[in-house]
Amino acid sequence: MGISWMILGLLAGAIAKFLLPGRDPGGFIVTTLIGIAGAFTGGWLSAKFLDRPIQNEFFDLATWGAAIGGSLVLLIAYRLLFGNSRD
């Protein structure tokens, strides 16, 4: 399940980046890592607080929503902490 969550995180990070355009302080690699962390975080929060168990299916809509939501939250937090441009 770990590899599929990493792939899901890469895609969720790309979607989050598409939804929040702009230059990030860390560039593509950091944004990708934020996407992976967001997928894990979103899945954990969904299971813990929303009583929605993590599915083992890659194409579960709720799993994708949790991963993208987690990625968005972490990307916004990262921009607030470290600025939103690489000037």
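1. Ser-71 sits in helix α3, which spans residues 61-82. The model is predicted. With a relative accessible area of 1%, Ser-71 is buried, because the cut-off for buried is under 20%. Setting aside residues up to four places away in sequence, Ser-71 touches Ala-12, Gly-13, Ala-16, Ile-34, Gly-35, Gly-38 and Ala-39.

2. Next, the core. The largest nonpolar core has seven residues. Its members are Trp-5, Leu-8, Ala-12, Ala-39, Trp-64, Ala-67 and Ile-68. Helix α1 (2-19) supplies at least two of them, and so does α3. Two of the residues that Ser-71 touches, Ala-12 and Ala-39, are listed in this core.

3. Ile-68 belongs to that core. Leaving out neighbours within four places in sequence, Ile-68 is in contact with Ala-12, Ile-15 and Leu-19. Ala-12 is thus a contact of Ile-68 and is also touched by Ser-71.

4. Phe-40 is placed in helix α2, residues 27-49. Its relative accessibility is 41%, so Phe-40 counts as partly exposed. The C-alpha atoms of Phe-40 and Ala-67 are separated by 6.9 Å, although the two residues are 27 apart along the chain. Ala-67 is a member of the largest nonpolar core.

5. Phe-49 also lies in helix α2. At 60% relative accessibility, Phe-49 counts as exposed, because exposed means over 50%. Phe-49 is part of a nonpolar surface patch, together with Trp-44, Leu-45 and Leu-50. The accessible area of these residues together is about 490 Å².

6. How many aromatic pairs does the structure hold? It holds one. The pair is Tyr-78 with Phe-82: ring centres 5.0 Å apart, planes at 45 degrees. The pair is therefore tilted, since stacked requires planes under 30 degrees apart and edge-to-face over 60.

7. Where do the two partners sit? Both Tyr-78 and Phe-82 are in helix α3. They are four residues apart there, so about one helical turn separates them. Their accessibility puts them in opposite classes. Tyr-78 is at 17% relative accessibility and counts as buried. Phe-82 has a relative accessible area of 54% and is exposed.

8. To sum up helix α3: Ser-71 in this helix is buried, and α3 supplies at least two residues of the largest nonpolar core. Tyr-78 and Phe-82 of α3 make up the one aromatic pair.

Conventions:
Residues numbered from 1 in each chain as written. Predicted model: local features only at pLDDT ≥ 70, side-chain atom pairs only at ≥ 80, totals over all residues. Heavy atoms only, no water. Buried < 20%, exposed > 50% of the residue type's maximum accessible area, 1.4 Å probe, protein only. Patch = residues over 30% accessible without salt bridge, like charges linked within 9 Å, V, L, I, M, F, W, Y side chains within 5 Å. Areas by Shrake-Rupley, 256 points an atom, 1.4 Å probe, with all protein chains shown as cover. Salt bridge = Lys/Arg side-chain N within 4 Å of Asp/Glu carboxyl O. Contact = heavy atoms within 4.5 Å. Phe/Tyr/Trp six-rings, centres within 6.5 Å; stacked < 30°, edge-to-face > 60°. Core = buried A, V, L, I, M, F, W, Y, C linked by side-chain atoms within 4.5 Å.
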